[in-house]
Amino acid sequence: TGLRRGELVALRWRDIDFAGQALRVRSNYSLGELVTPKSGKVRRVPMVPEVAQALARLSQRELFTAEEDPVFAGPVGGHLDASALRRLYAAASERAGLRRLPFHSLRHYFGSMAVNRASLVQVQAWMGHSEIKTTARYLHAKSEAGDAALLAGAFAQTSAQDIAVADESPA
């Protein structure tokens, strides 16, 4: 999803819009309390089918599924703390046979993959970056394989009249 760790921990069931295929990031869990997201703004993040399916399964648990309950509740309810989430992530990585990476690497992976399919402005909004230059760091991961075809499509319908109009435009 590209959410920051605190945003993920702060996620409540009311923030999941299954019909709209999106998550609403309304808060961040930091130092034991809910605060506004880092950007200071509420945002919507598209929810891919795999995430929706996993959350739908999680919503079938017996406890902690009320609208205000955290999606990723602690053993007795309430929000997970950062160390508990790190331990769960490390255990899941080990079970999957993956190299151990920091939790924040998941956010970087999201940005690197998203920039290949969406505009930089869309990725900026999804990740909650206040500055486009922060999002632009992910451009190194953008594939250039389709660039020639993309540019060819821009010129495919060009006529002599289009060129004349462009030539007369102020610089």
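**Exercise 1. Placing F155**

Task: In this predicted model, find the helix that holds F155. Then decide whether F155 is buried or exposed.

Solution.
Step 1. Locate the residue. F155 sits in helix α7, which covers residues 147-156.
Step 2. Take the cut-off. A residue is exposed when its relative accessible area is over 50%.
Step 3. Compare. F155 has 53% relative accessibility, so F155 counts as exposed.
Step 4. Add a distance. From F155 to G6 is 149 residues along the sequence. In space their C-alpha atoms are 46 Å apart.

**Exercise 2. Three residues, one cut-off rule**

Task: Classify V51, E144 and F110 by accessibility. Give the place of each one as well.

Solution.
Step 1. Write down the limits. Buried means under 20%, exposed means over 50%, and partly exposed lies in between.
Step 2. Take V51, a residue of helix α2. Its relative accessibility is 22%, so V51 is partly exposed. V51 and T1 are 50 residues apart along the chain, yet 7.9 Å separates their C-alpha atoms.
Step 3. Take E144, in the loop between α6 (132-136) and α7. Its value is 63%, so E144 is exposed. The C-alpha atoms of E144 and N116 are 9.0 Å apart, with these positions 28 residues apart in numbering.
Step 4. Take F110, in helix α4. Its relative accessible area is 18%, so F110 is buried.

**Exercise 3. How two helices pack**

Task: Describe how α4 packs with α5, from angle to residues.

Solution.
Step 1. Identify the pair. Helix α4 spans residues 105-114 and helix α5 spans residues 120-127.
Step 2. Read the geometry. The two pack at an angle of about 155°, and their axes are 10 Å apart.
Step 3. Name the arrangement. Angles over 145 degrees count as roughly antiparallel. Therefore α4 is roughly antiparallel to α5.
Step 4. Give the handedness. The crossing of α4 past α5 is right-handed.
Step 5. List the residues. From α4 come R107, F110, G111 and A114. From α5 come V123, W126 and M127.
Step 6. Sort them. Five are nonpolar, one is polar and one is charged.

**Exercise 4. The inner side of α4**

Task: Which residues of α4 are buried, and what do they pack against?

Solution.
Step 1. List them. R107, F110, G111, S112 and A114 are buried.
Step 2. Recall the helix pattern. An α-helix has 3.6 residues a turn, so residues three or four places apart point the same way.
Step 3. Name the partners. The buried residues of α4 pack against β5 (43-46) and α5.
Step 4. Zoom in on F110. Beyond its neighbours within four places in sequence, F110 is in contact with T1, G2, W126 and M127.
Step 5. Check one pair. F110 and W126 are 16 residues apart along the chain, and their C-alpha atoms are 9.9 Å apart.

**Exercise 5. The nonpolar cores**

Task: How many residues are in the largest nonpolar core, and which elements give two or more residues to it?

Solution.
Step 1. Start from the general rule. In soluble globular proteins, nonpolar side chains tend to be buried together.
Step 2. Count. The largest nonpolar core has 18 residues. Those with the most contacts inside it are L3, I16, L23, M47, L55 and V71.
Step 3. Trace the elements. Two or more residues come from each of α1 (5-10), β2 (22-25), α2 (49-58) and α3 (82-95). The largest share, three residues, belongs to α3.
Step 4. Follow L3. Outside its neighbours within four places in sequence, L3 is in contact with L8, L23, V25, R43, V45 and R107.
Step 5. Find the second core. This separate core has eight residues, including F110, V123, W126 and Y138.

**Exercise 6. Positive phi**

Task: Where do L31 and F64 lie, and what is phi for each?

Solution.
Step 1. Recall the usual sign. Most residues other than glycine have a negative phi.
Step 2. Take L31. Its phi is near 50°, a positive value in a residue other than glycine. L31 lies in the loop between β3 (28-30) and β4 (33-35). At 85% relative accessibility, L31 is exposed.
Step 3. Take F64. Its phi is near 60°, also positive. F64 lies in the loop between α2 and α3. Its relative accessible area is 25%, so F64 is partly exposed.

How values were computed: Residues numbered from 1 in each chain as written. Predicted model: local features only at pLDDT ≥ 70, side-chain atom pairs only at ≥ 80, totals over all residues. Heavy atoms only, no water. Axes fitted to C-alpha atoms, helices over the stretch in contact; angles between N-to-C directions. Helix = DSSP H or I, 4+ residues; strand = E, 2+ residues; numbered from the N terminus. Parallel < 35°, antiparallel > 145°, perpendicular 65-115°, else oblique. Left-handed = near helix turned anticlockwise from the far one by under 90°. Contact = heavy atoms within 4.5 Å. Nonpolar A, V, L, I, M, F, W, Y, C, P; charged D, E, K, R; others polar. Core = buried A, V, L, I, M, F, W, Y, C linked by side-chain atoms within 4.5 Å. Buried < 20%, exposed > 50% of the residue type's maximum accessible area, 1.4 Å probe, protein only.
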